[in-house]
Each structure stands twice: as C-alpha cells, then as structure tokens.
Amino acid sequence: MARRGISNKQRMWLVGQLADWQSRGLLSAEQAGPILELYETANEQSERQRSTALLVLMGIAAFLVGLGVMLLVGYNWNALPDVMKLVMIFGAIFGTHAGGFNLRFRRGSMVLSEIVFFLGCLFYGAGIFLVAQIFNLNAHYPDGIWWWSLGVLPFALCMDTLVLHILLASLLAIWCGMEILGFRDIGLWFFGRWNFGINGAYSLLLFALLGLQWAYRRGSVAAVGIYVPLLAWWMVLQPVAWQLEAEAVYFIGALGGLLIIVAENHSVSSRFAIPYRLFGVLLASGALTALSFYDFSDAILRFQDEGGGLVHTLMIVILLAVTIFVCALFNCGASPTRMSILQQMQKILLTQYLAVGLVALMAILTLWRLIIIEPLFPVITANMAMIVLAFWLMALGLRQDRGQPFAAGVALFLFWAVLRYCDLFGDFGGMLGAALMFFLCGGTLFGVAVYWRNRRRKQYV
C-alpha cells in the first residue's frame, strides 16, 4: 500500500508526539513503528517535492519549446507544399505521442512521458487550425477549441499529474467564453445547430464533471481547485447566454451561495471543501459589495425586463433545489445512519441556513425589482448579508480551529467598514476621518491577532 503524503512540519510533529506518548506509557515502540510507516519518510517527501518542482519546470519548458517549434514552422509555412505541411503536422502529433507511450510503458519514465504528452497535445491543437488553413476551411472557429479539448480529455484522465488538467480547463474556459460572449444568438450546438436553443456551452459541464471525478478519485485538492473556478466561470456566463445581463449580479450572488452549500456538505476535516468555499465566498461577497451601494442598486432597478426577471428567479430556485437534492443524494450514500433523501434535504435546509438564505435573498431581490422599484431594501439587506457572512466565516474558523476562514471573516468585516465609511462619510471626514478609520482597522487587526494567539495557547497548555 502506498504511503500517505505528509509535509515535513507534520512529520516532525508526528515524531514528537509518538515519542511523548511512548514516554507516558500510552504507546509502545512496537506500536509506534507501524504508525510512522503509514506516512512518507523524509527522503520520500523530499523526492516528491523535487518531482513536483521538476514537473512544473519541464512543463513550462515544453510549452516554450512548443511555441518555438510553431513559430519556426510558421516562418517558412507559406513556402512549403501542402503535402509537406500535412506530413509535418501529423508527424509531430503521432511522433510526440508515440514517444510519450514509449517513455511511460517501456522505460517507466512517468514524469518525462507526461511532459511529452503535454507537448503532443499542444501540437494536436495547433494541427487542428493548421489543417483548416491548408484546405481553406471556414467554420465556427470556437469548434476548433472544443475539438482540441476533446483530444486532451482522455490524456488528462489517464495521467497522474495536473499539467494536462490545467491545459484542459484553460481550453474549456476560452471555448465557453468565445461561444457565449461572441455567439450567444446562433442557437444551441448539439451535433448540429439548433436555432431555437440557448447557446450556453452546456457540454462543458460533462468535461468538468469528469475532471472532478478524477480529482476525487485521486485525492487531489489542487485538481478540484482547477475545475471549481471553471464551473463558476461557466455559470457566471449563463445570464449572458440567456440575455439576462440586468440580473447577472443576483445570479452571481446566488451561485456563491450554492458553492458554499456544496462546500458544507463535505466532512468537517475534508480539504475538498476549501475550493468550493473559497470561490463561493468570493462570488457572494463580490455581488453583495456591488449591491451594498445605493447608486448601483438604483441603476439595476431601472432596467425594464419583467419577463427576464421571472426567468432569472425560476433559474435560482431550480438550481437551489437541484443542488440540495444532489447533496442529499450523496449524503445518503455516505451517512452511517439510515435517512431518506427528503430527511437529508430537510437537514441541509436547517443546518446550512447562511448559504440557503443567501440564495433565497438573491431570488427575493430579483422579485423586488419587478414589483417595487425602490433600492433602499436591497441596499440594507446586502449590507446586513455582508456582515452576517463575515461573522459566519469567523465562527467557522473558531469552530474548525482554522486561521484562514477566521482571518477572511475579519478581513471581510473590515472591508465592509471601510466601504461604508468611504460611501457615507468620506466627504465629511476627509483625511482626518480616513486616518481615524485606518487606526481603528489596525487596532482591530492587532486585537484579533492577540486573541487568536492566546486562544491557541490555551488549547495546547
């Protein structure tokens, strides 16, 4: 069985604790040895770090080599006959992939083979556009990025590192941006163009779910951190695809709440929750920051788009219901106690009050702009939601004994305080008022730091 990964700091702590437990008679030397054997040795941990650094450097080098080859060929491209062009294109693609298979399965060089596969995927993408240029094929050019992504997908799912996943996520982000921002009016594409459909780049969802499945199977938090922002980017573009730009800020805030729901359905000790919570808080706080300004809320309310507002509200409600249902379905499979899906859904609604309330607030604000064109209520509720979100993050940090969410909550509260000062009292207070505001923020941060230090000392005394 493979040893579990562990940092040098964690290993030093574990060795010290094992020695302390042995000195207290809680553990024998025969018991301590197998425990330590479960984790990487110091040499294995150093080797893993060197392999990661080497992979990053070689990946960058392969990217630069690929660019250099393309530029070199492009310099003499017009002077080459078409047959020679095709031979060079397919020779580069098949040659690099054959070299990757040889390195991986015959020589056992895993790291070098993945770099060669990465280079081959770059050549494959360039080959798509070069073949189209040779035969003067005029087509929907984002399709070339989609076919490039499709070619990268199997290699990303079969490899052991993140290089190809980064390439795949980057291509998909570019593709959906091209489709939605540039061609939202041409209809849905699904093995043909359907003019009555919405061009929302929906096939990206399948790519991202396959990538997330790989990440969970391999235990890679970094891979989850690649695909979560990709999904968030795709979701943020959906109001543009559906021509609901006036309500986009509400949709972004609701999306932040949905990501927080997904994060909180992971176990307390799971690091997989961190990417969902991070991007959920960023999206929610960004939307609330914009809505907390009176002028912004007033400008949003002046858009006349009654039908779009109803569609937007329905989309938020449907997404909330689907998210809760899917989370409840996964909880039923992981829970040691027998609970029905309806009971799990009820539990999520009761325990995740902040995230569910945030999504509900965005749906209510959408309806508010259809019924009552008055910005005071959205401004007040957005400011209250920012404060609640800040204190929720602080409480989360205290509950899980983690400094990052606690510090994020403090930073969000101070950010809100500075915004409100600049918005309401900036002209009145002037430079002296700003100086007082900075002194108060600095004193607050100092007090929080002292509190956190004393709290940690009490825990370990």
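A patch consists of residues with over 30% relative accessible area and no salt bridge, in which like charges are joined within 9 Å and nonpolar side chains (Val, Leu, Ile, Met, Phe, Trp, Tyr) within 5 Å. A salt bridge places a side-chain nitrogen of Lys or Arg within 4 Å of a carboxyl oxygen of Asp or Glu. The model is predicted: local features need pLDDT of at least 70, side-chain atom pairs count only at pLDDT 80 or more, and totals for chains, interfaces and linings use all residues. Residues are numbered from 1 along each chain as its sequence is written, and side-chain values use heavy atoms, with hydrogens and water left out.

**Exercise 1.** State which residues form the nonpolar surface patch, and classify Val322.

Step 1. The patch comprises Leu314, Ile318, Val322, Phe325, Val326, Leu329 and Phe330. Together they have about 660 Å² of accessible area (Shrake-Rupley method, 1.4 Å probe, only the protein chains shown counting as cover for residues).

Step 2. Val322 lies in helix 13 (helices are DSSP runs of H or I, at least four residues, and strands runs of E, at least two, numbered from the N terminus).

Step 3. Because its relative accessible area is 45%, Val322 is partly exposed (buried is under 20%, exposed over 50%, partly exposed in between; 1.4 Å probe, protein chains only).

**Exercise 2.** Locate Ala201 and Gln243, and give phi for each.

Step 1. Ala201, not a glycine, has a positive phi of about 55°; Ala201 sits in the loop between strand 2 (193-194) and helix 8 (203-218).

Step 2. Gln243 also has a positive phi, near 55°, and occupies the loop between helix 9 (221-241) and helix 10 (248-264).
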